[in-house]
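This report covers the ligand site and one helix packing. The sequence and the model come before the details.

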Amino acid sequence: MGLKIIIVGGGIAGLAAAIALRKGDREITILEQSSISQEIGATISLQPNASKIVEGQWGLASTLRDRGSMVDGAFEVYNLDGEMQIRIPLQTTDKYGAERMMYHRADLHQTLKERATSEKFPGRPATLKTSSRVSTCDCDSGTVQLVNGEVLSADLIVGADGIKSVIRRCVLGEEAIARPTGLSAYRMMIPTDNLLKETDFTKVIDPRKGCTTMVIGRDRRLIMGPARNGSIYSIVALVPDENMNEDSANTSWTTEGNHDKMMNTFADFPSWARKPLQLAMASELGLWQLRDLDPLPTWYSGRAILIGDAAHAMLPTQGQGASQSIEDAEALGAFFNAFEESSDMSLSSIADVNNAIFKCRYDRATTIQAYSRQAAKPATEPGDRKVNMNPAEFMDYNCSYSGAIDWKRRQEAVA
Ligand SMILES: Cc1cc2nc3c(=O)[nH]c(=O)nc-3n(C[C@H](O)[C@H](O)[C@H](O)COP(=O)(O)OP(=O)(O)OC[C@H]3O[C@@H](n4cnc5c(N)ncnc54)[C@H](O)[C@@H]3O)c2cc1C
């Protein structure tokens with residue numbers, strides 16, 4: 001019998017873990033609380049450190065390409081006067097071995113889900129059980145309990161249940177709540193055809209071109225780019241958090257966005273940059289309070305290990321949250337690679353592998369969490385419009401990555 005694995009959470013981290021761990025006769029079950037696990041309508045970029053794994057190692061480039069994936073060709077940074085301050089060409093394959101890729105979230109999620117659960121790929125397919133909310137976990141016995149009372153057991157429990165993780169509480173023995181970062185984000189998507197009619201926008205930006213455009217004010221910024229072969233244009237608008245989206249029980253950090261309020265917040269932005277905001281459907285405008293985690297004391301206990309946002313939720317300012325989740329998943333696969341050959345699936349053997357994964361991953365993910373906080377700091381001096389930020393500042397550290405085993409060797413070489 002191969003390793004028996006339960007993955008709690010069917011988001012990007014959970015599906016990626018199933019892909020990386022899928023091998024031979026291993027029995028992998030993904031427990032997802034929602035009825036249909038799917039991603040919100042927004043774009044996501046994977047940095048070369050993660051696109052290398054997803055597109056190269058897991059062989060998903062052509063499927064993602066068929067679904068409209070795009071190479072990000074450059075970062076272009078504008079100030080409030082609409083002047084380009086910085087342009088960083090990205091073609092990164094020579095330097096980092098892969099490109100920075102832009103996807104519709106639903107396409108990435110669907111592609112990962114198929115790769116994890118379809119018969120077409122090597123190894124026993126993972127089973128995705130939806131409407132399966134886990135309420136607690138016993139890390140030593142390797143059992144999880146669902147809200148309906150059902151108890152399931154496995155050799156390994158992967159806590160990929162996101163920023164509000166239940167498994168995190170079980171691993172740490174106490175609650176670690178993600179904290180507000182002072183920022184919220186509006187997210188919008190508009191058909192590119194609508195934007196192409198706005199000539200003052202198209203004089204500055206071609207919304208069909210693979211490029212990330214940032215317009216930077218002191219405490220607010222727009223991050224925009226295309227997806228699905230340039231047929232849709234996506235906008236993330238970062239604003240100061242007003243805590244208006246925390247409910248009294250502190251369980252929901254997302255609310256409907258108010259379109260007029262958003263337009264007022266960006267009143268002093270160049271008129272071309274406000275066009276995509278104007279075109280966004282007020283009825284589809286969401287506002288996310290952005291939280292992150294302080295570094296946790298550990299990510300594992302006994303048979304249970306945390307990955308993704310459950311372990312190291314971070315600000316989206318470097319587009320590394322999902323990318324780090326994919327690195328975590330690849331590390332699980334790499335470190336558990338030799339395992340089913342061994343008959344010893346005792347608590348101490350599994351805990352030893354979890355410890356090795358934690359040691360390999362912790363410093364790197366924690367550093368990138370810290371960089372993401374740093375990249376969120378005001379990028380202009382008070383009263384000045386000059387942008388003092390470089391979106392590629394941490395790129396060498398973030399993107400020079402060739403998988404967990406290589407990283408472990410690099411760690412040992414400097415120790
Ligand atoms: C505005 C914004 C922009 C971003 N842009 C990028 C980007 O460009 N690039 C990038 O790399 N990252 C980006 N990120 C970060 C990225 O979205 C997250 O890091 C990533 O989605 C985390 O994936 P996850 O699977 O760990 O968590 P989640 O996506 O939260 O998935 C967790 C899953 O677990 C399920 N679940 C939760 N609790 C339970 C339970 N008790 N039982 C069963 N199931 C459960 C949930 O329903 C969910 O499906 C961005 C984030 C934000 C907010």
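Which helices and strands each supply at least two residues of the shell around the ligand? They are helix 1 (12–21), strand 3 (43–46) and helix 12 (321–335). Helices (H or I, at least four residues) and strands (E, at least two) are DSSP runs, numbered from the N terminus. Helix 12 gives the largest share, 3 residues.

The model is predicted: local features need pLDDT of at least 70, side-chain atom pairs count only at pLDDT 80 or more, and totals for chains, interfaces and linings use all residues. Residues are numbered from 1 along each chain as its sequence is written, and side-chain values use heavy atoms, without hydrogens and water.

**Ligand site**

Around the ligand there are 28 residues (a heavy atom within 4 Å). Those that come nearest are Glu32, Ser45, Arg105, Asp309 and Ala322. Three polar contacts (N or O atom pairs within 3.5 Å) are tabulated.

| Ligand atom | Protein partner | Distance |
|---|---|---|
| nitrogen | Ser45, polar backbone atom | 2.7 Å |
| oxygen | Asp309, side-chain N or O atom | 2.7 Å |
| oxygen | Ala322, polar backbone atom | 2.9 Å |

Taken alone, the ligand exposes 1000 Å², and the protein buries 85% of that (Shrake-Rupley method, 1.4 Å probe).

**Helix packing**

Helix 13 (residues 347–374) packs against helix 15 (residues 404–414) at about 80 degrees, with the axes 10 Å apart; axes are lines fitted to C-alpha atoms over the stretch in contact, and angles run from 0 to 180 degrees between N-to-C directions. Helix 13 and helix 15 are therefore roughly perpendicular (65 to 115 degrees). Lys359, Cys360 and Arg364 of helix 13 make the contact with Ala404, Trp407, Lys408 and Gln411 of helix 15 (heavy atoms within 4.5 Å).

Terms used: A polar contact is a pair of N or O atoms within 3.5 Å; within protein, one must be able to donate a hydrogen and the other to accept it, and residues adjacent in sequence count only if both atoms are side-chain atoms. Angles under 35 degrees count as roughly parallel, over 145 as roughly antiparallel, 65 to 115 as roughly perpendicular and the rest as oblique.
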